[in-house]
Amino acid sequence: MIHPYIHFQGNCREAMEAYQSILGGKLELMGYDQMPDAPDDLAKSDLVMHAWLNSPLGDFGGSDFPPGEEGDPQKAVTISLTIDDPDTSEKTFGALMEGGALIQAYGPSFFAAGFGMGKDRFGTHWMVMVGASPA
């Protein structure tokens with residue numbers, strides 16, 4: 001199985017909790033401060049070392065970059081989400097895009113009855129579509 005694992009610059013907890021509220025499921029979070037024998041910089045950190053969302057729509061994980069590390073979160077990766085119900089698909093896309101940036105507004109396309117693409121407020125790129133092709 002392939003599962004996306006996305007990285008954040010200090011807002012993993014907020015992002016994963018938002019994804020859980022939108023996509024549903026069970027979220028597990030572990031901080032760097034929970035590492036056994038963590039070095040001082042990690043033991044004092046409130047950053048997320050590992051998060052995992054078991055969602056009815058698919059499972060994925062994430063983490064913050066370690067304290068003091070800079071990274072380039074989600075720059076060239078898009079998570080594709082296919083939802084069979086057209087209303088749920090459109091609503092999910094709208095919820096993911098709150099505070100984000102649209103790349104393509106949700107609507108019918110030549111390959112799906114509904115499709116939208118954008119970057120959410122956490123920097124994660126999403127493509128959301130209806131599973132069945134238009135008639």
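A residue counts as exposed when its relative accessible area is over 50%, as buried when that value is under 20%, and as partly exposed in between. Keep that yardstick handy, and keep in mind that what you're looking at is a predicted model.

Let's try the yardstick on a few residues. D37 has a relative accessibility of 79%, so it counts as exposed. You'll find D37 in the loop between β2 and α2. D37 also has a positive phi of about 55 degrees, although it isn't a glycine. Now take A95, which lies in helix α3. Its relative accessibility is 22%, so A95 counts as partly exposed. If you want a feel for distances, A95 and A43 sit 52 residues apart in sequence, and their C-alpha atoms are 34 Å apart in space.

S45 gives us the remaining class: with a relative accessible area of 9%, this serine is buried. S45 belongs to the loop between α2 (40–43) and β3 (48–55). What does the side chain of S45 reach? Its target is the backbone nitrogen of L47, at 3.0 Å. Leaving aside residues up to four places away in sequence, S45 touches Y32, D33 and P67.

On to the sheet. Four strands make up an open sheet in the order β1-β4-β3-β2, and their pairing is mixed. At the edges are β1 and β2 (26–31), each of which pairs on one side only. On average, neighbouring strands here are turned by 15 degrees against each other, direction ignored. Look at β1 and β4 (residues 58–64) together: these two strands pair in the parallel sense over four bridges. Within that picture, I6 stands opposite G62 in β4. Helix α1 lies across β1, β2, β3 and β4, and runs at about 5 degrees to β3.

That helix takes us to the nonpolar core. In soluble globular proteins, nonpolar side chains tend to be buried together. In this model, the largest nonpolar core has 24 residues, and F8, M16, Y19, F60 and W126 are those with the most contacts inside it. Two or more residues come from each of β1 (5–8), α1 (12–23), β3, β5 (78–83), α3 (86–97) and β8 (125–130). Which element gives the most to this core? It's α1, with six residues. To see how one core residue is surrounded, pick M16: not counting residues up to four places away in sequence, M16 touches F8, L27, A51, L53, F60, G61 and G62.

Finally, the aromatic rings. A pair of them is described by how far apart the centres are and by the angle of the planes. Searching the whole structure turns up seven aromatic pairs. In one of them, the ring centres of Y19 and F60 are 5.8 Å apart and the planes stand at 55 degrees, so the pair is tilted. Because Y19 lies in helix α1 and F60 in strand β4, the pair ties together parts that are 41 residues apart in sequence. Y19 and F60 are both buried. Y19 also pairs with F122, this time edge-to-face, with 5.8 Å from centre to centre and 85 degrees between the planes. F122 sits in the loop between β7 (115–119) and β8, while Y19 is in α1, so this pair ties together parts that are 103 residues apart in sequence. F122 is buried, as is Y19. Put together, Y19, F60, F122 and W126 form one aromatic cluster.

Definitions and conventions:
Residues are numbered from 1 along each chain as its sequence is written. This is a predicted model: local features need pLDDT of at least 70, side-chain atom pairs count only at pLDDT 80 or more; totals for chains, interfaces and linings use all residues. Side-chain values use heavy atoms; hydrogens and water are left out. Buried means under 20% relative accessible area, exposed over 50%, partly exposed in between (1.4 Å probe, protein chains only). A polar contact is a pair of N or O atoms within 3.5 Å; within protein, one must be able to donate a hydrogen and the other to accept it, and residues adjacent in sequence count only if both atoms are side-chain atoms. Contact means heavy atoms within 4.5 Å. A nonpolar core is a set of buried Ala, Val, Leu, Ile, Met, Phe, Trp, Tyr and Cys residues joined through side-chain atoms within 4.5 Å. Two strands pair if DSSP finds at least two bridges between them. Axes are lines fitted to C-alpha atoms, for helices over the stretch in contact, and angles run from 0 to 180 degrees between N-to-C directions. Rings of Phe, Tyr and Trp (its six-membered ring) pair if their centres lie within 6.5 Å; planes under 30 degrees apart count as stacked, over 60 as edge-to-face and the rest as tilted.
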